[in-house]
Amino acid sequence: MREPQIDYAAVFHALPGMVALLTPELVYVDANEDFLRLAGRTREQVVGRYIFDVFPENPNEPAAAGMRETRESMQRAVATGERDTMALLRYDIEDPQRPGHWQEHYWSPVNAPVLDDKGEVVLLVHRVEEVTGLIRAFGRRGGDSRDRVLEAELYTRARELQQVNERLRKAHAREREVALALQAAMLPPPGPSGPHPAAVRYQPAIGALNVCGDWYDLVDLPDGGLAVAVGDVVGHGLAAACVMGQLRSALSAACRVADGPAQALDALGLYARSVDAAESSTAAAAFVDWGARSVRYSCAGHPPPALLRPDGAVIFLDQATDPPLGARPDHVPRVQASTPFTEGSVLVLYTDGLIERRDEDIDVGLGRLAESLTRHRHADFEALADALLSDLLPPTGNTDDTALVVIRL
């Protein structure tokens, strides 16, 4: 059976209810027939113009917040790539037949982004339901004498809900700022690593939910070697940043006295059992022996480090993987493995935010990492770290924070 040919432009203009398309800069691209009819505007008065030039705020309502809240909702949808549903909103419209005269209106708006194949926001769908009649109908239920009282009560409750949502957003944003500042203070630049420079990166998640659980560390060992570690704490925000700092410090100390990465992670696992919210965190540690040109490594429930050889081949160090920290009911010594390297190789440790996506198998993300490493193998260590973030993180922003260490061996 032949697939029907759908005229999506015709479908858009015939959609019931008010729907408009805007650019990320909030300029109208199109509006359907209901939008134009109910707003009392022609297509020429709308398309190609900034939204608040077409619909300015009522100057006779000094306490009105419709313009600010609508703009903030649209900007959130553009910034996050996610739909933003607004609370009941009063936004009066100037009568097109009588300039200077404003008609009272109540709306229920939703703003949804349209993404291109790279995940970037290219359009904004602005769908609006006018609920002016509904609010007034609620008032009429109680009789004419209570009409305006109930109408005002319903609107007031909706505004209170909107104000609570705004306070929550500000509180979350403040917590994110504090957590990121704490995270930055506890993740200093790496210490000296001799003639083998390292690049480190920490990329926070776009939202507050998954920020500040990832960490990295580099430790010069007493025997002249280098210990490299990354980890990921279960949780988010200030609590995760505090746990992260404890685990990072504990592993840094353990690396200095342990015989190898497995023993260091053993000690960290025992310590994690005494720290609230630290159990089930993951970590990977690698000890580089410059003289023997070998890397000993061990992973506690963490994605495997990657070794990029000078010829472009990539191997994942996945022969020593155990459960996350504190996950076993009884203590079992952790395993470790060793692999040789040649001069000019690159060792990469990272957290799962770099490779994992909710809708795909982890092997797909590992394949992306290997391909990017091979393609950029001739870049210096700093450029390589930037290239990996650019290639592997979504253009709209990562939903989980990411730590990354790149070392030229």
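How many bridges pair S1 and strand S8 (residues 121-130), and in which sense? I looked that up first: S1 and S8 pair in the antiparallel sense over five bridges. I count two strands as paired if DSSP finds at least two bridges between them.

**Ground rules**

I am working on a predicted model, where local features need pLDDT of at least 70, side-chain atom pairs count only at pLDDT 80 or more, and totals for chains, interfaces and linings use all residues. My numbering runs from 1 along each chain as its sequence is written, and side-chain values use heavy atoms, with hydrogens and water left out.

**Overall picture**

I find eleven helices and 19 strands in the protein. Helices (H or I, at least four residues) and strands (E, at least two) are DSSP runs, and I number them from the N terminus.

The protein has 409 residues, and 46% of them count as buried. My cut-offs for relative accessible area are under 20% for buried, over 50% for exposed, and partly exposed in between (1.4 Å probe, protein chains only).

I then checked contacts, meaning heavy atoms within 4.5 Å. Of the contacts with a separation of 6 or more, 60% come from residues 24 or more positions apart.

The exposed area is about 20,100 Å², with 54% of it supplied by carbon and sulfur atoms. I took accessible areas from the Shrake-Rupley method with a 1.4 Å probe; for residues, only the protein chains shown count as cover.

**Back to S1, S7 and S8**

I looked at who faces whom here. Leu22 stands opposite Leu124 in S8. On to the next pairing: strand S7 (residues 106-115) runs antiparallel to S8, and nine bridges join them. In that pair, Ser108 stands opposite Glu129 in S8.

The hairpin of S7 and S8 has five residues between the strands, and Gly119 takes a positive phi near 85 degrees there.

**The five-stranded sheet**

I traced an open sheet of five strands in the order S9-S19-S18-S14-S15, with antiparallel pairing. Strand S9 (198-203) and strand S15 (314-316) each have a single partner strand and stand at the edges, so one side of each is left without a neighbour in the sheet. On average, neighbouring strands of this sheet are turned by 15 degrees against each other, direction ignored.

Reminder to self: strands of a sheet pair through backbone hydrogen bonds, either parallel or antiparallel.

At one edge, I see three bridges between strand S14 (residues 306-308) and S15, in the antiparallel sense. Leu308 stands opposite Val314 in S15.

Which helices pack on the sheet? Helix H10 (residues 362-375) touches S14, S15 and strand S18 (346-350), and its direction makes about 145 degrees with that of S15. Helix H11 (residues 381-392) touches S9, S18 and strand S19 (402-408), and its direction makes about 25 degrees with that of S9. For these angles I use axes that are lines fitted to C-alpha atoms, for helices over the stretch in contact; angles run from 0 to 180 degrees between N-to-C directions.

**Salt bridges**

I get 18 salt bridges in the structure. My criterion is a side-chain nitrogen of Lys or Arg within 4 Å of a carboxyl oxygen of Asp or Glu.

I opened Asp30 and Arg43, whose side chains meet in a salt bridge (2.7 Å, N to O). Asp30 lies in strand S2 (residues 28-31) and Arg43 in helix H3 (residues 43-46), so the pair ties together parts that are 13 residues apart in sequence. Asp30 is buried at 18% relative accessible area, whereas Arg43 is partly exposed at 26%. I also note that Asp30, Glu33 and Arg43 are linked in a network of salt bridges.

Glu69 and Arg68 form another salt bridge, with the closest N and O atoms 3.7 Å apart. Glu69 is buried at 4%, but Arg68 is partly exposed at 31%.

In helix H10, Arg375 and Glu371 lie four residues apart, about one turn of the helix. Their side chains meet in a salt bridge (2.8 Å, N to O). Arg375 is partly exposed at 46%, and Glu371 is partly exposed at 40%.

**A nonpolar patch**

Last lookup: Ile6, Tyr8, Val11 and Leu15 make a nonpolar surface patch of about 380 Å². Patch residues have over 30% relative accessible area and no salt bridge; like charges are joined within 9 Å, nonpolar side chains (Val, Leu, Ile, Met, Phe, Trp, Tyr) within 5 Å. I placed Leu15 in the loop between helix H1 (8-14) and strand S1 (18-22). Leu15 is partly exposed, at 32% relative accessible area.
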